[in-house]
Amino acid sequence: MLVLVVNAGSSSLKSQLIETDGKVVSMKCLAEKVGTDEACMNISFAPDFQKVRYNAVGMTVAQCLGKLLDVMVDDPESPISGLSQIDAVGNRIVAGGEYFTKASLIDADARAKLSLCEELAPLHNPAADACIDMLMELLPGTPQVAVFDTAFHATMPPKAYMYPLPMRYYEEYHIRRYGAHGTSHRYAAQQAANLLGRPLRDLGLITCHLGNGGSITAVNHGKSIDTSMGFTPLEGLMMGTRSGSIDPAIITYIMRREGKTFDEMDEILNRESGILGISGTSSDMRDVLEAASKGDERAELAIDMYVYRVQKAIGGYYAAMTRTDAVVMTAGIGENSADLRERIFEGLAHMGMILDKERNQFEGAVGANRIISIDDSPIRICVVTTDEEMRIARETDNLVSQMGD
């Protein structure tokens, strides 16, 4: 089955065209920094995957997808000459609320429920829904599937997902912890089990998805038992532009002092805070690391705060687990920043997470799943290259195939 995977982020679009029968990728697309003056999109085709760069300034995420579809039809290197050759579309959706606990076909009822979930992930779900709507118009007879980041966390127990608020807020508005990045956490956990040569059901893992957004999950016997993101992806770690967890009274304090509206406060917390808010340089950790190397004190403070909060989250989940066999690092920062991995684990060695600095810095291993702890580290440290797109394609294939049964 030829599946177009659409992974729409808050400021990015990742897409692949995958033939699921042989797990063959024939197209890759990455649009980055969407909504900024540096927005661009790289598209490449098999077999060489030579990237062609396109300007994406002034475009939304959905418009980037539209541009990608045009290129796929018109480019002679493309594996397709018409959109009708795509058998199915797999969409990554951050939040499914309590409506969706597994991948679902998108029909009229599901699309209506997706709209109700937009408040749970205000930076991500609206962009994903816009892509779905565009594809419904351009590929009206092609089945679309929604694969939810929250689905993996449906196994959390009430003590982990409930908030200490009056019970009526859960009963009336379903306010609870939903988490996010579940597709990535599930994939990273399984890949770590493969690295360790043990069944996932026998392991206790702490998986760290560290990118522009970030979350950490306690995975016990293959199931999520707690995760750092909450009712929305704003809770938890300090992120690219998101504050992460703060004293909630700060919000009402600022609103009173400065007369901020709810929408203005939401904008501050989601788009103006985090690494960007502290560094004043960028929301991209690569830029902040470069600025810190040149003596920028605010950039260094942003890095210190980020590392400290990741360390505290890992330590908290170590306490929540009955046993921890490994910590798994994945996503843009987790996979690619050896310097940040070293900073993080310098503060965790006393807990039995002991980094091998040479393995960590070995550039020849970038892009490969590997163990970077010393041989006798009580808790292993793994790096996994995340592949959300392949997992989304496989789930889409499974669900669409059942339609013909």
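1. Helices here are DSSP runs of H or I with at least four residues, numbered from the N terminus. With that numbering, α8 contributes the most to the lining of the second largest pocket, at six residues. Residues are numbered from 1 along each chain as its sequence is written. The model is predicted, with local features requiring pLDDT of at least 70, side-chain atom pairs 80 or more, and totals for chains, interfaces and linings using all residues, while side-chain values rest on heavy atoms, without hydrogens or water.

2. The second largest pocket (an open set of points on a 1 Å grid, with protein on both sides within 12 Å along at least five of seven lines; lining residues have an atom within 4 Å of a point) is lined by 35 residues. Ile175, Phe231, Thr232, Leu234 and Ile251 lie nearest its centre. The elements that supply two or more lining residues are α7 (249-258) and α8 (262-271). By class, the lining of this pocket comprises 20 nonpolar, nine polar and six charged residues (charged being Asp, Glu, Lys and Arg; nonpolar being Ala, Val, Leu, Ile, Met, Phe, Trp, Tyr, Cys and Pro; polar the others).

3. One cavity of 30 Å³ or more is present (points where a 1.4 Å probe fits but cannot get out). The lining of the largest cavity consists of Met162, Tyr163, Leu165, Pro166, Met167, Tyr169, Tyr170 and Ile175. This lining holds eight nonpolar residues, with no polar and no charged ones. Ile175 thus appears in the linings of both the largest cavity and the second largest pocket.

4. The model contains 24 salt bridges (a side-chain nitrogen of Lys or Arg within 4 Å of a carboxyl oxygen of Asp or Glu). Asp109 pairs with Lys113 in this way, their closest N and O atoms being 3.2 Å apart. Both residues belong to helix α2 (residues 108-116), four residues apart, or about one turn of the helix. Asp109 is partly exposed (between 20% and 50% relative accessible area, 1.4 Å probe, protein chains only), at 46%. Lys113 is likewise partly exposed, at 28%.

5. Arg343 and Asp304 form a salt bridge with closest N and O atoms 3.5 Å apart. The pair connects distant parts of the chain, from helix α13 (residues 338-346) for Arg343 to helix α11 (residues 297-320) for Asp304, 39 residues apart. Arg343 has a relative accessible area of 26% and is partly exposed; Asp304, at 40%, is also partly exposed.

6. In helix α15, Glu395 and Arg391 are four residues apart, about one helical turn, and their side chains meet in a salt bridge (3.5 Å, N to O). Glu395 is partly exposed at 21% relative accessibility, and Arg391 is partly exposed at 23%. Elsewhere, Glu32, Asp284 and Arg286 are joined into one network by salt bridges that share partners.

How values were computed
Grid points are joined across faces, edges and corners, and a volume is the space filled by probe spheres set on the points.
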